[in-house]
Amino acid sequence: MTFITSLPEARHFVAQFHGGAYRQIVALTGAGISTESGIPDFRSPGGIWSTRHPVQYQDFLAFEESRLEDWERRFEMMDFFSRAVPNAAHMALVVLARSGFLKRLVTQNVDGLHQASGFPQDCLTEIHGNSTYATCLSCGGRAELEAQRPCVEAGRSPVCDRCGGYLKAAVISFGQEMPERELRVAAVATQDCDLFLVLGSSLVVQPAACLPALAVQNGAELVILNAQETPLDSLASTVIRTPLAQTFVNFGEELAQMTQMVCG
């Protein structure tokens, strides 16, 4: 295993993610890719889940108090999300996707920064949902979060204009079933890839944490870019411990230069 802690060395290494060596790249992103955009890691010490217990999905369904508490937290998170902008790591993934090298991006994040970066929606799989808008639990209709604020401030659970069902942020809550289709798409892409990239994930939350091992089992190379040690570091060919946004600064220009050299 190669272990990289130098920014120049890390930048040189990631610039090689071009189509010459890898044809089917899959990436998994976690909270670490967004912390450099100003979004806190809610699971880390001092994060929201270390000071406030998460609202369980069954409690959301059963109790008005739980629904209102969940909505208040969504508005709190929305304040962070609305101020954040995609960083160089987000944009590097856009470059890889548009170049045809990155076939699937699987994200654990719910902040919407991949969409804000312009990442192709048909290549993006959000396995934990998205906390930047709401959906109806009955009919699946979409609703905007801010439009529900007056209702929540009045002490009432927002409901769907179409069918009267409860509205809930489109994130997968604790105790809620994971989306089967998204997990299936992620697994199929992982089995077919020749390079699996981990960017900013601690690899402790299932089922996302099993994807890198699945990739390795099917013959792919594993590269992990994360600030801290992960349980799967020993499976990786390369582990990079440099700040993600700084690592991918000028990535697009370097990739273009290397691609031109390869294509000749």
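The following legends describe an overview and several close-up views of a predicted model.

**Figure 1. Overview of the predicted protein model.** The protein comprises 264 residues, of which 49% count as buried. Its secondary structure consists of 11 helices and 10 strands. Among contacts with a separation of 6 or more, 69% are made by residues 24 or more positions apart. The accessible surface amounts to about 12,200 Å², and carbon and sulfur atoms contribute 51% of that area. The structure contains 3 aromatic pairs and 6 salt bridges; the views below show examples of each kind.

**Figure 2. The aromatic pair W71 and F75 in helix α4.** The two rings form a tilted pair, with a centre-to-centre distance of 5.7 Å and an angle of 40° between the planes. Helix α4 spans residues 64-83, and the two residues lie 4 positions apart within that helix, about one turn. Both W71 and F75 are buried. The ring of F75 has a further partner in R149, which lies over its face at 4.4 Å from the ring centre.

**Figure 3. The aromatic pair F248 and F251.** Here the arrangement is edge-to-face, with 70° between the planes and 5.5 Å between the ring centres. F248 and F251 are both buried.

**Figure 4. R67 with its partners E64 and Y166.** R67 takes part in a salt bridge with E64, in which the closest N and O atoms are 3.0 Å apart. Both residues belong to helix α4, and because they are 3 residues apart there, about one helical turn separates them. Their accessibility is given separately for each residue. E64 is partly exposed, with a relative accessibility of 31%, whereas R67 is buried, with a relative accessible area of 5%. The charged end of R67 also sits over the ring of Y166, at 3.9 Å from the ring centre.

**Figure 5. The salt bridge between D70 and R74.** The side chains of these two residues meet at an N to O distance of 3.3 Å. D70 and R74 are both part of helix α4 and lie 4 residues apart, which corresponds to about one turn of the helix. D70 has a relative accessibility of 3% and therefore counts as buried. R74 is likewise buried, its relative accessible area being 6%.

**Figure 6. The salt bridge between D233 and R241.** The closest N and O atoms of this pair are 2.6 Å apart. Both D233 and R241 are buried.

**Figure 7. Surroundings of A213 in helix α9.** Helix α9 covers residues 211-217 and includes A213. The relative accessible area of A213 is 19%, so this residue counts as buried, the cut-off for that class being under 20%. Apart from neighbours within four places in sequence, A213 is in contact with L232 and L235. A213 and L232 are 19 residues apart along the chain, and their C-alpha atoms are separated by 7.5 Å.

Terms used
Residues numbered from 1 in each chain as written. Predicted model: local features only at pLDDT ≥ 70, side-chain atom pairs only at ≥ 80, totals over all residues. Heavy atoms only, no water. Buried < 20%, exposed > 50% of the residue type's maximum accessible area, 1.4 Å probe, protein only. Contact = heavy atoms within 4.5 Å. Areas by Shrake-Rupley, 256 points an atom, 1.4 Å probe, with all protein chains shown as cover. Phe/Tyr/Trp six-rings, centres within 6.5 Å; stacked < 30°, edge-to-face > 60°. Lys NZ or Arg CZ within 6 Å of the ring centre and 35° of its normal. Salt bridge = Lys/Arg side-chain N within 4 Å of Asp/Glu carboxyl O.
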